[in-house]
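I opened this one cold and kept notes as I went. Here is what I looked up, roughly in order.

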Amino acid sequence: MEWPEMIKRWSGMPVKLLDIRHFTMKQGDALQSYPLPANAFLFANQGEARLILDGVEASHTNSLILHSGKGAVVNIKCVSGPFDYYMILYKPVDSIQAAHEGRDRIAPSLHHYAFQAKQPWSLLALLEPMIRLWREGGELDRLQVMGLFYQFVHEQFRQLQIATTATIEPDLADQLAAFIRTYYRQAISMEILANRFHYSSHYLSRIFKRKYGCSPIEFLVRTRMNRAKALLAEADMTIRDIAESIGYADMYYFNRLFKKQTGATPTQFKMHSLGLKGKGSNRTKITPESFIAPQAGGDYIVNSDNHYQQEPWRVDEMNGSFKPSFAVSLLFSLSLLLAACGGTGSEDKQAAQSNNQQQAKASSEASEATRPYTDALGRQMEIPVQPRKVVVITYGGYLLPLGLKPIGADEGTLEQYPEEMADVQSIGKGVGNLEAIIALEPDLIILPDYHDEATYSKYAQIAPTAAVAWGGDPDVINTLRAMGDIMNRKQEAEAWISKFEGKLQRIRDQIDITIKPGSTAITFILYQGEFLLGGKGGTLGKLIYEDYGFQMPEQFKKYADGGTALSIEQFADQQTDFFFTQMTEEEMGQLEETLKEPVYQTIPAVRNNRIINVTRDKWNYGPYVVDEAVDELIEQMKGLQ
């Protein structure tokens, strides 16, 4: 019978499980002339034995799968112990449909075959819970065993196809990695891996690190954290549910591991991803010739107290320092002046052509020059000395105080700067559309450091791709410094920072808001039934806890470096004087409805209506909108007096 037909028969054949057994034999033990009482799968896990089925001896017994029908005779003799194997006994059940169609219900079960599994751990991962539930469980557990049995049938067919087509067996390190990627949700230790793959823990760690640069357990943590980042960014799940879904029941331990791997707590990461969700409508943009040269009439120069934009950068202005192209331009002008005073017409033309060539060469060399740079992820790369066509994801707004614009930016950024970036090309939502970025032919791509490795690798094939540290709560000053470094605009970055810090200092000096000593405050977002608590870091945290002098409630101080997720019960069981939120209008409406419940009315911040909200978009998308957020926060604070 052909395999497609065999699989088709299995998919329509109801079966009844009769027994599931697990045997361990010592050297010299034997099972002689045992007739199978029913159709059976036999899986030889580990050890050496002579195994004969109906007179045919298997050449290798390690990770061997056999299938045969009722009455087949099995002989097993353990050569070197221990040798262990599993046996699943089943029988087909009469099917009205099968009888009506005249199909042979026995045919698939009588099909004899044997092969060596390439991925035995995936079969063991099904067999172990099957036998445990079969031995110890009740009727409901037996129902689960049936589901696992069909998964086993599917998996052994899949591996049978691999065994008949694969020519190169994956090495041990790759098998370990595949096992971890498949079963990262379950408890995995080096002891478990050693038992699964039949090698010592030390040997497995050594060969794995040789190929992957880390231990299997470190790889497990990275795999779990990458999955957590994806769920935090995309799934409408609570942080606690996400932690449990990847194998962590202890929230505090999950917080610590996540921050160690990503630089941010799960709460910080979630709050930031909420600011990027659902951003933007489709916009048709005209790609400017150069991101450093605004179109005619499109200059954005604001001289108000709330904006500190420098004069927009022109092609011939560079950084205000002495550049090769500027030197050539100066020499060219002088040569023309001298030629006008004493040269002939032909000499003038020759001089002009020569200098034009020199100028073009020097300008080209300046634009193509590169320098070494190490980004926030520790990756070393070569980036342009003077980036001219930059695509920026999330951090596009940080180019404006530098007198620059990106050639392309994400929708979330463009929505925050409808006038300033009216001529900037949209690359789409989130991390952008690959084809749209390729079409812009960037010489540099910049994005935050919290994305997965695949994103950076994908964009690095287009242009040098630099990751900028986010570090949790948005920190406008440090992020602008990093952007100034990448864009070779440190002086402009420091100029804006100096003015912004001066503004904050004036706020500190002129604060006329009376805050009772010891008053407590927290920052949070209510999302999907969870209160996402903020920490003391970032621009907002520093304003609240350093500048205004609020205290963080004692029970939350252990989360001061990045926040956590609170259940509704935990949130209600605290006495905080002020709430600072970062929610959209729609979310604020939901919060107000929630806080009407009697359980929240005892909280001083709710009872006295001391809730200050500035949408998180203002804190996430660059210096100008952060500046506006600070003004809005101050005005709301004054309104509470």
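**Strand 3 and its partners**

I began with strand 3 and strand 4 (residues 56-57), which pair in the antiparallel sense over 2 bridges. Before going on I noted that this is a predicted model, where local features need pLDDT of at least 70 and side-chain atom pairs count only at pLDDT 80 or more, while totals for chains, interfaces and linings use all residues. Residues are numbered from 1 along each chain as its sequence is written, and side-chain values use heavy atoms, with hydrogens and water left out.

Two terms I needed straight away: strands (E, at least two residues) and helices (H or I, at least four) are DSSP runs numbered from the N terminus, and two strands pair if DSSP finds at least two bridges between them.

Back to strand 3: its Ile52 stands opposite Glu57 in strand 4. Strand 3 also pairs with strand 5 (residues 64-68), antiparallel, over 5 bridges, and there Phe41 stands opposite His67. Then I checked strand 6 (residues 73-92), which 13 bridges join to strand 3 (residues 39-53), again antiparallel. Glu48 stands opposite Ser80 in that pairing.

**The parallel sheet**

In what order do the 5 strands of the parallel open sheet come? I read off 12-11-10-13-14. The edges are strand 12 (425-426) and strand 14 (465-468), each pairing on one side only.

I looked closer at strand 13 (residues 444-448), which pairs with strand 14 in the parallel sense over 4 bridges. Ile446 has Ala466 in strand 14 as its bridge partner.

Helix 16 (residues 453-460) packs on this sheet and touches strand 13 and strand 14, with contact meaning heavy atoms within 4.5 Å; its direction makes about 170° with that of strand 13. For such angles, axes are lines fitted to C-alpha atoms, for helices over the stretch in contact, and the angles run from 0 to 180 degrees between N-to-C directions. Helix 17 (residues 476-486) lies across strand 10 (390-392), strand 13 and strand 14, at about 160° to strand 14.

I also asked which residues of helix 17 are buried (under 20% relative accessible area, with a 1.4 Å probe and protein chains only). They are Val476, Ile477, Thr479, Leu480, Met483, Gly484 and Ile486. Helix 17 is followed by Asn488, which has a positive phi near 60°.

**The mixed sheet**

Another open sheet has 5 strands in the order 17-16-15-18-19, with mixed pairing. Strand 17 (564-566) and strand 19 (611-613) are the edges and each pairs on one side only. Neighbouring strands here are turned by 35° against each other on average, direction ignored.

I followed the hairpin of strand 15 and strand 16 next: 2 residues lie between them, and Gln528 in the turn has a positive phi of about 50°. The two strands run antiparallel, joined by 4 bridges, with Leu526 opposite Phe531. In strand 16, Glu530 and Leu532 point one way, Phe531 and Leu533 point the other way, and all are buried. Strand 16 also pairs with strand 17, antiparallel, over 3 bridges, and Leu533 has Thr564 as its bridge partner.

On the other side of the order, strand 18 (residues 578-581) runs parallel to strand 19, with 3 bridges between them. Phe580 stands opposite Ile612 there. Helix 19 (residues 538-547) packs on the sheet, touching strand 15 (521-527) and strand 18, at about 145° to strand 15. Helix 21 (residues 585-595) lies across strand 15, strand 16 (530-533), strand 18 and strand 19, at about 105° to strand 15.

**A helix pair**

I found helix 18 (residues 490-510) packing with helix 24 (residues 623-639) at about 5°, axes 12 Å apart. The two therefore count as roughly parallel, a label for angles under 35 degrees. Among the residues that meet are Trp496 and Phe500 from helix 18 and Tyr624 and Val630 from helix 24.

**Cores**

Last, I checked the nonpolar cores, sets of buried Ala, Val, Leu, Ile, Met, Phe, Trp, Tyr and Cys residues joined through side-chain atoms within 4.5 Å. The largest has 119 residues, and Ile446, Ile486 and Phe580 are among those touching the most other members. Phe580 touches residues including Phe524, Ile544, Ile612 and Met637. Apart from that core lies another, of 30 residues, Met6 and Phe41 among them.

Notes
Parallel < 35°, antiparallel > 145°, perpendicular 65-115°, else oblique. Buried < 20%, exposed > 50% of the residue type's maximum accessible area, 1.4 Å probe, protein only. Lists of a residue's contacts leave out its neighbours within four places in sequence.
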